[in-house]
Amino acid sequence: MIDGVGHHRVRGVWGFKQWQADVWARFFKMMSMETPAIAWLDGNILALADAKCRVEDRGFLFGDGVYEVVRAYDRQLFAADAHWLRLRHSAQGIDLELPMSLEEIAGIAENLLMRSGLRDAEIYVQVTRGAARRNHLFPTNTPPTLLIWVQAPRLPSVDLKATGASVVTLPDERWARCHLKTISLLANCLAKEEARRRGCDEAILVRDGWVTEGTSCNVLLIRGDLIVTPPTDQRILPGVTRACVLDQAPNLGMAVVQRPIAVGELFDADEIILTSTIMELMPVRVIDGSLVGAGRPGPAYRTLATAYSELTHRRLPSPS
Ligand code: PMP
């Protein structure tokens, strides 16, 4: 693995060695403050609050870019290879050439993580088609903008995991290439906001009567020992967490069926589980005002969530 940071400019305190970064992170923890986010932008390492890019950047003007969110547990990126491969797949899907190899991107992310001093972290990686005179047509000879930052993770609420989330079904108004992780997330944001306005934690999106996914998570339905989940086509993001859970299921005595799910099936599922890198596994308690199963996290959730937690903390290899 190459050192992706050695030859880049470092601003402020971020030139620290590992032990200095650790002292820094401990200091913030002692003061009950969040360790400030640290970013890599165009070869500079700086505090995220100081990172600036041009207003003509096509990410800003057109939402023309792709991204990834990776979690680190105990100083190790989790399932990183799966995330980097998806980043490349998303970039290829919008005809965007990554400005460097996946190895180099991984090297920068790992180095930033080390410099942050954080044991547990959230890593955001975004590539846009760069800054050029505004024009719908792709610019020529314009380098993509690569932004990577590391910050303390948004930890999923322990209380919500204990009780289960409340969810509303909403129409899936997104575009036809939801398998690509693009930064054009307005339809996702509108649905998430609508869920919040209705007093819910998340929306499950429905297209033509079929369940697709959440605004920022995948959906698993549990029926006895069976996990049912929509197949990975252009209507959903192939979630890394989803893949980890499905991979482990057979070892836990559960079978997996990937098939379209009619919206009505949500209402007689034994359990519904949402999955994402940030949420990990989240049980659903209520859907459109009706209790799911017994109205509390069920046995399948407990089994799968325990196994996932072991996976993240033992740092087993990423899913195939
Ligand atoms: N679907 C959507 C629309 C998402 O934004 C996310 C979060 N990235 C997911 C599914 C879950 O993907 P992952 O498990 O890789 O985080």
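This passage walks through the domains, the nonpolar core and a few selected residues of a predicted model.

The protein is divided into two parts, domain 1 (9-151) and domain 2 (158-314). The C-alpha centres of these two domains lie 27 Å apart. Where the domains meet, 21 residues of domain 1 are in contact with 14 residues of domain 2. On the side of domain 1 that touches domain 2, at least two residues come from each of β4 (65-73), α3 (80-93) and β6 (121-128). The greatest contribution to that side is made by β4, with 8 residues.

The interior of the model can be considered next. Its largest nonpolar core contains 70 residues. Those with the most contacts inside this core are A109, L113, I123, I148, A203, I272 and I273. Helix α4 (residues 102-116) gives the most to the core, supplying 6 residues. Both domains take part, since at least three residues of the core are drawn from each of domain 1 and domain 2. A203 offers a helpful look at the surroundings of one such core residue. Setting aside neighbours within four places in sequence, A203 is in contact with V167, V168, L170, A191, K192, E194, A195, G214 and T215.

Helix α6 (residues 186-197) allows a simple check of helix geometry. At 1.5 Å a residue, its 12 residues should span 16 Å, and the end C-alpha atoms are indeed 16 Å apart, so the expected and computed values agree. Just after α6, G199 takes a positive phi of about 75°.

A pair of helices, α7 and α8, shows how two such elements can be arranged. In general, two packed helices are described by the angle between their axes and the distance between the axes. The axes of helix α7 (residues 240-248) and helix α8 (residues 299-314) come within 10 Å and cross at roughly 110°. The two helices are therefore roughly perpendicular to each other. In this meeting, α7 provides C244, V245 and Q248, while α8 provides L304, A307, Y308 and L311.

Finally, S276 lies in strand β14 (residues 271-276). Is S276 buried or exposed? With 23 other C-beta atoms within 10 Å, S276 is buried, because 20 or more such atoms are enough for a residue to count as buried. Not counting residues up to four places away in sequence, S276 touches S216, C217, N218, G239 and T241. The C-alpha atoms of S276 and A91 are separated by 20 Å, and these two residues are 185 residues apart along the chain.

Definitions and conventions: Residues are numbered from 1 along each chain as its sequence is written. This is a predicted model: local features need pLDDT of at least 70, side-chain atom pairs count only at pLDDT 80 or more; totals for chains, interfaces and linings use all residues. A nonpolar core is a set of buried Ala, Val, Leu, Ile, Met, Phe, Trp, Tyr and Cys residues joined through C-beta atoms within 7 Å. A residue is buried if 20 or more other C-beta atoms lie within 10 Å of its own, exposed if 12 or fewer, and partly exposed in between; C-beta atoms are placed from the backbone. Helices (H or I, at least four residues) and strands (E, at least two) are DSSP runs, numbered from the N terminus. Domain bounds come from an automatic or database domain assignment. Two residues are in contact if their C-beta atoms, placed from the backbone, lie within 7 Å. The expected span of a helix is 1.5 Å times one less than its number of residues. Axes are lines fitted to C-alpha atoms, for helices over the stretch in contact, and angles run from 0 to 180 degrees between N-to-C directions. Angles under 35 degrees count as roughly parallel, over 145 as roughly antiparallel, 65 to 115 as roughly perpendicular and the rest as oblique.
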